[in-house]
Amino acid sequence: VNVEFKSPGRGIFVAYLDIFYNDISHSQIPYRIPLIGLGRDSTANGSPDFAFERSTLSLVCGVFDRRRSTLYFANLGGGPLTINNIGVDGDDAAVFLLSPGPGPFPMTLRSGDVSSVLVNYIPKSLGTHSASFWVQTSNDGVQRVERMALVGTVNNPNTCPSYMESYYHRY
């Protein structure tokens, strides 16, 4: 398989190559390979430039089950970027778990480096839950916190094992 990336602009671009098995017992479960392309500014100087692949990560537990997703972030700039820490905060932070996170901290993303973290949505109640994934960076003595919204929805408790397990443990 030959894959070519042509940048449509500045940012991180993620697509997936799904490979399906010939074995009928595995026909619905593809082997998924992420394809990551970076669109960088050709005028990038020696300054680091942090970027998320998207502004919001939406996860769903239920009919269209998507309770985990890999989140990518990168340094699109021309110089090294120091990552001091990552985490999740907000009212519903406890239902979004990171595993395994990058680290140990601090860590450095060189120009063009991409890092990732797996976000798991483990809801304990019906409805919509929200929190914020954050990355603390520092360069040249300036500390910043970059944020991305996390949104999770339980739309069918009968097909959401983590919700049902917590329901039965409560009663």
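## A walk through two sheets and a core

Start by selecting His129 and Ser125: their side chains are joined by a polar contact of 3.1 Å. Keep in mind along the way that this is a predicted model.

**Stop 1: around His129.** Stay on His129 and colour residues 127-139, the strand E10 in which His129 is found. Is His129 buried or exposed? His129 counts as buried, because its relative accessibility is 5%, and the cut-off for buried is under 20%. To see what surrounds His129, show its contacts beyond four places in sequence: Asp92, Val95, Phe96, Tyr121, Pro123, Leu150, Val151, Gly152 and Val154.

**Stop 2: the whole chain.** Now zoom out and switch to a cartoon view. The chain has one helix and 11 strands. Follow the elements from the N terminus and you pass the strands, with the helix at the end of the run. Of the 171 residues in the chain, 33% are buried. If you display contacts between residues at least 6 apart in sequence, 68% of them join residues at least 24 apart. Turn on the surface, too: the accessible area comes to about 10,100 Å², and carbon and sulfur atoms account for 51% of it.

**Stop 3: the five-stranded sheet.** Next, select E4, E11, E10, E6 and E8, which in that order make up an open sheet with mixed pairing. E4 and E8 are the edge strands, each pairing on one side only. From one strand to the next, the twist averages 35 degrees.

Strands of a sheet pair through backbone hydrogen bonds, in either a parallel or an antiparallel way. Go through the pairs with that in mind:

- E4 and E11 run parallel and are joined by six bridges. Pick Leu59 and you will find Gly152 of E11 opposite.
- E6 and E10 run antiparallel, with seven bridges between them. Val88 is a good place to click, with Phe133 of E10 standing opposite.
- E6 and E8 are also antiparallel, over three bridges. Here Ile83 has Met107 in E8 as its bridge partner.

**Stop 4: the four-stranded sheet.** Hide those strands and select E3, E5, E9 and E7. In that order they form an open sheet with antiparallel pairing. Its edge strands are E3 and E7 (residues 96-99), each of which pairs on one side only. On average, neighbouring strands here are turned by 30 degrees against each other, direction ignored. Look closely at E3 and E5, an antiparallel pair joined by three bridges. Phe52 stands opposite Phe73 in E5.

**Stop 5: the core.** Bring everything back and show side chains. Which residues have the most contacts inside the largest nonpolar core? They are Phe73, Ile83, Phe96 and Phe133, in a core of 24 residues. Among the elements giving two or more residues to this core are E3 (50-52), E5 (68-75), E6 (81-89), E9 (114-121), E10 and E11 (142-154).

Finish on Ile83. Leaving out residues up to four places away in sequence, Ile83 touches Phe50, Phe73, Phe105, Pro106, Met107, Leu109, Val135, Gln136 and Thr137. Two of these names you have already met: Met107 is the bridge partner of Ile83, and Phe73 is listed with Ile83 for the most contacts in the core. Phe96, also on that list, takes you back to the start as one of the contacts of His129.

Terms used
Residues are numbered from 1 along each chain as its sequence is written. This is a predicted model: local features need pLDDT of at least 70, side-chain atom pairs count only at pLDDT 80 or more; totals for chains, interfaces and linings use all residues. Side-chain values use heavy atoms; hydrogens and water are left out. Buried means under 20% relative accessible area, exposed over 50%, partly exposed in between (1.4 Å probe, protein chains only). A polar contact is a pair of N or O atoms within 3.5 Å; within protein, one must be able to donate a hydrogen and the other to accept it, and residues adjacent in sequence count only if both atoms are side-chain atoms. Contact means heavy atoms within 4.5 Å. A nonpolar core is a set of buried Ala, Val, Leu, Ile, Met, Phe, Trp, Tyr and Cys residues joined through side-chain atoms within 4.5 Å. Two strands pair if DSSP finds at least two bridges between them. Axes are lines fitted to C-alpha atoms, for helices over the stretch in contact, and angles run from 0 to 180 degrees between N-to-C directions. Accessible areas come from the Shrake-Rupley method with a 1.4 Å probe; for residues, only the protein chains shown count as cover.
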